[in-house]
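Let's take a friendly walk through this fold, starting with one helix and working outwards. Please have the model open as you read.

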Amino acid sequence: MRHTPLALMLSLVLAGTSAAQAGTVTVAYTGDVQQYADAGATPWDRDTNLKDLQNFLQALGPKYLPVDRSVRIEVLDVDLAGDVKPVRLRSDERIVRGRADWPRITLRYTVSTGAQVLQSAEETVSDMGYLQHLTGLKAYDSLPYEKRMLEAWFKQRFVSSGD
């Protein structure tokens with residue numbers, strides 16, 4: 001099937017319209033991120049990890065939210081899974097043991113439709129059994145435990161059972 005320039009332009013406009021109407025998530029980090037419990041061993045790691053978490057949460061909006069819904073998430077603290085072990089002659093390594101090193105993220109969120117606030121709360125999202133359910137993890141993905149935890153939390157909080 002061959003597309004005329006007008007048909008191609010119309011399909012691009014319509015695709016852009018549906019993407020613009022998808023549910024949205026905005027993420028902000030509050031306070032001094034250097035004081036977070038454990039967002040990364042170095043400033044570079046911390047910045048990379050926080051940006052990765054922000055991008056991941058923002059991608060959940062179009063995937064799960066109704067078109068008129070928006071969620072604003074303010075991250076108050078981050079404690080990544082595992083502990084950082086200094087290693088000589090190399091960069092530090094993150095060791096996960098399944099003890100008291102589970103991922104925890106404290107956040108505040110507001111759900112709204114237009115100017116109407118539907119829900120607002122502050123909570124700590126955590127996964128004490130993060131090593132017990134390894135299915136779906138990709139070895140090459142950064143922050144797999146945190147992302148799985150956040151996606152499960154997001155679906156539980158913001159996706160109705162009918163969706």
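Which residues in α3 are buried? In this predicted model, the buried residues of α3 are Pro144, Tyr145, Glu146, Lys147, Arg148, Met149, Leu150, Glu151, Trp153, Phe154 and Phe158. That makes 11 of its 15 residues, and α3 is mostly covered.

## The helix and its surroundings

Helix α3 takes in residues 144-158, and its end C-alpha atoms are 21 Å apart. This agrees with expectation, because 15 residues at 1.5 Å a residue should span 21 Å.

What lies over the buried part of α3? The cover includes β1 (24-29), α2 (43-64), β2 (69-79), β5 (104-113) and β6 (116-126). Both a helix and several strands are on that list, and we can take the helix before turning to the strands.

The axes of α2 and α3 are 11 Å apart and the two helices pack at an angle of about 35°. Their crossing is right-handed. On the α2 side, the residues that meet α3 are Asp52, Leu53, Phe56, Leu57, Leu60, Gly61, Lys63 and Tyr64. Their counterparts in α3 are Glu146, Lys147, Leu150, Glu151, Phe154 and Lys155. As background, residues three or four places apart in an α-helix point the same way, because there are 3.6 residues a turn.

Lys147 is a good residue to pause on, and it belongs to helix α3. Is Lys147 buried or exposed? Its relative accessibility is 8%, so Lys147 counts as buried, the cut-off being under 20%. Leaving aside residues up to four places away in sequence, Lys147 touches Asp52, Phe56, Asp141 and Ser142.

## The sheet

Now to the strands. They form an open sheet of 4 strands in the order β1-β2-β5-β6, with mixed pairing. β1 and β6 each have a single partner strand and stand at the edges, so one side of each lacks a neighbour in the sheet. From one strand to the next, the twist averages 20°. Helix α2 packs on this sheet, where α2 touches β1, β2 and β5, and the direction of α2 makes about 160° with that of β1.

Two of the strand pairings can be set side by side:

| Strand pair | Sense | Bridges |
|---|---|---|
| β1 and β2 | parallel | 6 bridges |
| β2 and β5 | antiparallel | 10 bridges |

Arg72 in β2 links these two pairings nicely: Thr26 stands opposite Arg72, and in β5 the bridge partner of Arg72 is Thr110. Together, β1, α2 and β2 make a β-α-β unit, and this unit is left-handed.

## A loop residue for contrast

Where is Ala37 found? Ala37 sits in the loop between β1 and α2. With 53% relative accessibility, Ala37 counts as exposed, because the cut-off for that class is over 50%. Even so, Ala37 has contacts beyond its sequence neighbours: Asp77, Val78 and Asp79 are touched, not counting residues up to four places away in sequence. The C-alpha atoms of Ala37 and Ile105 are separated by 9.5 Å, although these residues are 68 residues apart along the chain.

Conventions: Residues are numbered from 1 along each chain as its sequence is written. This is a predicted model: local features need pLDDT of at least 70, side-chain atom pairs count only at pLDDT 80 or more; totals for chains, interfaces and linings use all residues. Side-chain values use heavy atoms; hydrogens and water are left out. The expected span of a helix is 1.5 Å times one less than its number of residues. Buried means under 20% relative accessible area, exposed over 50%, partly exposed in between (1.4 Å probe, protein chains only). Contact means heavy atoms within 4.5 Å. Two strands pair if DSSP finds at least two bridges between them. A crossover is right-handed if, with the strands pointing away from the viewer, the path from the first strand over the helix to the second runs clockwise. Axes are lines fitted to C-alpha atoms, for helices over the stretch in contact, and angles run from 0 to 180 degrees between N-to-C directions. A crossing is left-handed if the near helix is turned anticlockwise from the far one by less than a right angle, and right-handed if clockwise.
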